Amino acid sequence: MSMAKTPTRDQMKVNKITADLEEYPMEELARIRKELVAKGKAVFDFGTGDPKIATWEPIRAACSEAIQAISQYPSVKGIDALKKAQQGYLERRFGVDPSAYDIIPSSGSKEAIFHIALCLIGRSGGKKHVIYPDPGYPVYRSSIKFAGGVPYPVKLVPDNHFLLEPWNLPPYIQRDCAAIWLNYPHNPTGATATQSYWEQVVDWCHKTDTVLLSDDCYIDIYDAAIDLQPLGEGGGVDHRPMCPLQLSSDRVLTFMSLSKRSGMTGYRAGFVAGDQDIIKAFLRARANFGVGQPEFVQKAAVVAWDDDEHVRERRKIFTSRIKAAAPVFQDLGMLSEVPKAAFYLWVKIPRAFGAGDVQFALGLAERGVICSPSSWLSESIKGYARFALVPDVEPTLAALDIIKDYINN
Ligand SMILES: Cc1ncc(COP(=O)(O)O)c(C=O)c1O
């Protein structure tokens with residue numbers, strides 16, 4: 001007879017979902033970094049995707065000018081000027097008509113990604129599964145669990161360019177799927193999706209009554225060379241990553257963010273746009289979550305959504321980093337394709353390390369180079385590591401010398 005295990009103290013004081021939570025992986029990286037700094041080591045930090053590039057000055061100025069003597073609660077709906085700027089961006093960048101969707105601000109996209117599960121799990125006769133990419137943003141999974149749903153991770157592999165193809169999943173999942181998360185450009189692989197892929201996905205969502213949740217926070221971080229090509233209207237093919245809202249707003253939501261587009265991770269600024277029925281219901285729910293965005297942040301966000309030039313400059317920086325680092329990893333046999341978007345390199349760890357991605361990353365960290373092992377970013381994928389191209393080209397090249405030395409010796 002097996003004995004029931006005595007619950008630990010935290011299991012008695014909080015629920016099982018909370019007690020079972022692992023430390024958020026980025027916290028672990030912050031700890032390693034701190035230890036290295038305390039030891040006086042030079043640190044090349046490719047761990048967290050938070051590039052330290054100055055926010056465009058007019059955005060900062062708008063924020064500080066908007067601070068009022070009297071502080072009042074912000075509304076979850078946001079100010080009209082913000083809505084106008086966000087709609088203007090969607091029209092300019094994706095050609096979507098504001099009458100086709102509803103829109104609400106979010107305090108960064110993370111909280112909205114987390115909260116939407118509370119509104120969707122159990123919909124349409126009790127659908128409980130939510131599909132999401134693995135590797136992928138860890139909040140997809142935790143939000144599903146906290147909301148009482150059933151996570152359904154789908155492994156992304158290089159053979160089909162890291163595309164998640166829900167039509168190949170078991171029929172019972174396709175029937176019982178409340179929502180699906182997709183993220184192209186994708187963290188961590190940098191994979192992008194074509195228009196025909198998106199058409200297939202939207203069609204599948206409509207056929208199976210699944211809500212498409214498109215995590216679009218890297219949508220403007222694409223190869224800077226695309227900016228030099230003529231776009232649309234007889235000028236040629238538009239190679240910029242597309243948003244599924246361009247195809248339909250029926251059961252489609254896009255989660256946009258200024259964190260990567262405008263270097264505003266600390267401001268917490270984003271929005272959710274799409275299906276009018278879902279957005280209306282989400283807005284009612286959000287009045288309970290305490291996620292109203294401070295008005296001074298909203299005013300800064302207006303400036304950011306209204307301008308594309310500062311984003312162009314950021315793209316140049318990320319592209320130059322990818323162009324410098326990717327060939328070195330290719331020469332080492334660790335990377336097959338140069339990513340077309342985002343600012344990550346998802347590299348295969350040399351055979352000598354086996355599937356020991358954590359061991360690889362910890363060994364490298366000892367030498368001052370921090371990356372994220374795939375075991376911390378994925379539920380099933382071992383033997384990879386993610387390098388977030390946060391350091392500039394010069395320190396990146398110095399770090400690559402350390403990596404080469406580590407691998408070859
Ligand atoms: C794939 C993905 N989605 C969402 C987010 C959340 O970004 P934010 O909350 O800063 O908008 C991140 C942040 O790194 C991310 O990598």
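Serine 124 sits in helix α7, which runs over residues 123-126, and in this predicted model its backbone deserves a careful look, since the phi angle of serine 124 is near 50°, a positive value in a residue other than glycine. With a relative accessibility of 43%, serine 124 counts as partly exposed, because that value falls between the limits of 20% for buried and 50% for exposed residues.

A second residue can be read alongside it. Alanine 342 also has a positive phi although it is not a glycine, with a value near 60°, and it is found in the loop that lies between α14 (309-331) and β9 (344-348). Alanine 342 has a relative accessible area of 2% and is therefore buried, whereas serine 124, as noted, is partly exposed.

The backbone has two further features to inspect, both of them at prolines. Aspartate 134 and proline 135 are joined by a cis peptide bond with omega at about 10°, and proline 135 belongs to the loop between β3 (129-134) and α8 (138-146). The peptide bond between tyrosine 184 and proline 185 is likewise cis, with omega at about 0°, and here proline 185 is placed in the loop between β5 (177-182) and α10 (195-208).

From these local points one can step back to the whole chain, whose secondary structure comes to 17 helices and 12 strands. The radius of gyration of the protein chain is 22 Å, close to the 22 Å that the globule rule gives for 409 residues, so the chain is as compact as a globular protein of that length. The C-alpha trace spans about 65 × 60 × 50 Å along its principal axes, and buried residues make up 52% of the 409 residues. Among the contacts with a separation of 6 or more, 74% are between residues 24 or more positions apart. The chain exposes about 19100 Å², of which carbon and sulfur atoms supply 53%.

Serine 372 offers a way back into the interior. Serine 372 lies in strand β11 (residues 372-373) and counts as buried at 1% relative accessibility, while its side chain reaches the backbone oxygen of glycine 47 at 3.4 Å. Between serine 372 and valine 252 there are 31 Å in space, C-alpha to C-alpha, for a distance of 120 residues in sequence.

The ligand is the last stop on this path. Of the 14 residues around the ligand, those that come nearest are Asp215, Tyr218, Ser257, Ser259 and Arg268. By class, this shell has four nonpolar, six polar and four charged residues. Several polar approaches to oxygen atoms of the ligand can be followed one at a time: a backbone N or O atom of lysine 110 lies 2.8 Å from a ligand oxygen, a polar side-chain atom of serine 259 lies 2.6 Å from a ligand oxygen, and an N or O atom in the side chain of lysine 260 is 2.8 Å from a ligand oxygen. The protein covers 91% of the 400 Å² of accessible area that the ligand has on its own, and the elements that give two or more residues to the shell around the ligand are α6 (110-120) and α11 (258-261).

How values were computed: Residues numbered from 1 in each chain as written. Predicted model: local features only at pLDDT ≥ 70, side-chain atom pairs only at ≥ 80, totals over all residues. Heavy atoms only, no water. Near = heavy atom within 4 Å. Polar contact = N/O pair within 3.5 Å; in protein donor to acceptor, adjacent residues only side chain to side chain. Areas by Shrake-Rupley, 256 points an atom, 1.4 Å probe, with all protein chains shown as cover. Helix = DSSP H or I, 4+ residues; strand = E, 2+ residues; numbered from the N terminus. Nonpolar A, V, L, I, M, F, W, Y, C, P; charged D, E, K, R; others polar. Rg over C-alpha atoms; globule rule 2.2 N^0.38 Å. Buried < 20%, exposed > 50% of the residue type's maximum accessible area, 1.4 Å probe, protein only. Contact = heavy atoms within 4.5 Å.
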